[in-house]
Every structure is written in C-alpha cells, then in structure tokens.
Amino acid sequence: MTTNRERLLQAFNNEPVDRVPVGFWFHFLPDGDERYAGLERPELIAENIEGHKKYIQEFDPDFVKIMSDGYFGHPSLRGKKFEKPEDLLAVEPLPSDHPWIKGQVALVKEVVKAAGKERSSFYNIFSPLTVLRQELSNAKVGEFFKTNPEIIQKIVNIFAQDQAEVARRVITEGGAEGIYLSVQTPEDQIISGEDYTQYIRASEDVVLAAANALSQYNILHICGYRGHKNDVKIWQDAGAAVINWAVTFEPLSLEEGKQIFAGRAVIGGFNNNPGELLDAGSKEEIEAETERLLNNAGKIGVILGADCTVPSTIDIARLNWVRRKLLPFEC
C-alpha cells in the first residue's frame, strides 16, 4: 500500500501515482496582531499547534503545510517606527539561538509529530520582502524603495540570512520534508518586475538554496492572496521542485503553469476565497471541477489544492468532496 508520503513524492518527481494527492491549508490564528505576537504570547503558538492537530485528525491530508502563524514579521521590526529608509540600517541578523528561530523549529517539530512519519510536512516561510511589507506597509516600502533601493536590498538580504537558518533547522531539527516559500510582488506595482529581479530575487534564492541543500522537495508559492496578481515569470527559474500559484487571478491554469515552469510539479487548481466554488459550490459542482482540472492538467506531477489558505469557516467535509472524486482517476 502506498503511503501519503510516497504518493506525494512520486507526484513531486513527475512519476505515476495510484491517486492524485490533495491538500489544503488554513491559518489557525486570526488575521491580525496575533499572527505576529507569538514571542510575547506563547499561548498563541499553542493555539496554532492545536489547530494543525485538529485539522490533521479531521481531514487526514496527503501532506501538511505548517503555517507560521505567531511568527509573522521579524523581531527587529516589531514595535518600532521607521520614518526614512536609513532607519532600517539598525536591523541586524539574529543570533542562531534567538527565540524567534528556536520557536519555529519547536512549532514544526510538534506538528510533524502529529502528522506522522508517513506524511510529508512543509513549513511556511515568507519571502524577505513580504516580511518587510507586513511590518511597514506596502506603501511605505514602496516609498523607501523609490528613495533608496539599495537599503531595501540590504535589509531583505539580512532577513534572508535568518530565514535560511530557519529553513535549515526546520528540516534538520524539526523534521519537515522541506519549506513552502511564499513570494509576492508588491501591490500597485510599487516595484517593477525588472527592479524586483535586480534588487529582491536574490534574497529569495538564498532561502531556497539553504533548503535545497538539505531537501530536494521544496515548494514555491506565488501568493495571490485576496486576488493579488503577480508576474509569475519573475520566478520561472526559481530553485523549487514544486510551484503553487493563484490560477484564477494570474490567470494561469495548472497545465499552462507546467509549461511555464519547465514541467515541474504543480499544486493548486481551486480558488481559495470566501464565496467561491470550494466554499460555496454544491457537491456536484466541486466534483465536476475536480474532474475538469484533472482532465486538463493530467494526473502526473499534479497535486490538487487551492490558490492559498482556505477560509477558516469552511466545512472540512466540503474538502473531502475533492478527495473522493479523485478515486476514479487512479493510474
């Protein structure tokens, strides 16, 4: 009998599978300061861990994406005001024993234990620029970049060092199969694709390289959260084995994405937003979309899931409609 892990890695390797894998993921803390406050409020990390455990028990996913709720942002930014780009020059890399790093390793270790050895887990790590934007706001980062792009470049490279350390340790100590690196171009095109490639991409490559040195199974997520649109071609050559993006908002289907990303395995297919098919469609509609996705994208190198995190209010039974429909698509 094929285990969840064996099936998933076969899909990652573009090998035939007995059943197309499926996985969805949630945030387990509210959309607000709670996602940043794990160091000050350890009860939030406990809540995040319990949320993962409950989800694993109720849905039995083929793989687990471990959410970094409670550890959003970066400790050097939290609670501070930055009025001009030069204020960021006070940011320094964290020591390897910093609680922000050790805490994430501990979080991963707990969830991996709950997921079991026969299921792969991947830890969410935000791109260095996303970390900066989450703390300072999109508009301020755009303003700072326009004034002094070299300072923004320096800061994201510092964050990349810390995130690379997290990536290494969640794999070697936490037991994660790999990482799920979430990247995103800023809203309102405040940084052009050309400038993003020149000043920002290298910081993401540092994090991926650290993970790739320890695992060949790392995922790149081109985040289309709440309808955000990216230029996916920025990451055509990114060093990740598997790619996930918002098929609706780019727009880019699974089969088209496999071509753009040189035949690498892909994750996704469903719009994750409230009120869309996965959240509000009928059983028959969800089953029909599952069938359509696989008829178009095939069964090799495809993992069904969503564009991003699914609403916390969704009934998990609805997600099982996708998995049950996969059974006729055995190889």
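Begin with the sheet of this predicted model. Select its seven strands, which form an open sheet in the order β1-β2-β3-β4-β5-β6-β7, with parallel pairing. Next, colour the two edge strands, β1 (63–66) and β7 (302–306), each of which pairs on one side only. Look along the sheet as well: neighbouring strands are turned by 25° against each other on average, direction ignored.

Now move to one pair of strands within the sheet. Select residues 178–183, which make up strand β3, and residues 219–222, which make up strand β4. These two strands pair in the parallel sense over four bridges. Which residue of β4 is the bridge partner of Y180? Selecting I219 shows the partner in question.

The following stop is a helix. Select residues 283–297, which form helix α10. Helix α10 lies across β6 (265–270) and the edge strand β7, and the helix runs at about 150° to β6.

Finally, turn to a single residue in another helix. Select residues 42–59 to display helix α2, and then pick out E47 within that helix. Is E47 buried, partly exposed or exposed? Its relative accessible area is 41%. Because a residue counts as buried under 20% and as exposed over 50%, E47 is classed as partly exposed.

With E47 still selected, show F28 and L29. Leaving aside its neighbours within four places in sequence, E47 is in contact with these two residues, F28 and L29. To end the tour, add V111 to the selection and compare the two separations: E47 and V111 are 64 residues apart in sequence and 12 Å apart in space, C-alpha to C-alpha.

Technical notes: Residues are numbered from 1 along each chain as its sequence is written. This is a predicted model: local features need pLDDT of at least 70, side-chain atom pairs count only at pLDDT 80 or more; totals for chains, interfaces and linings use all residues. Side-chain values use heavy atoms; hydrogens and water are left out. Two strands pair if DSSP finds at least two bridges between them. Axes are lines fitted to C-alpha atoms, for helices over the stretch in contact, and angles run from 0 to 180 degrees between N-to-C directions. Contact means heavy atoms within 4.5 Å. Buried means under 20% relative accessible area, exposed over 50%, partly exposed in between (1.4 Å probe, protein chains only).
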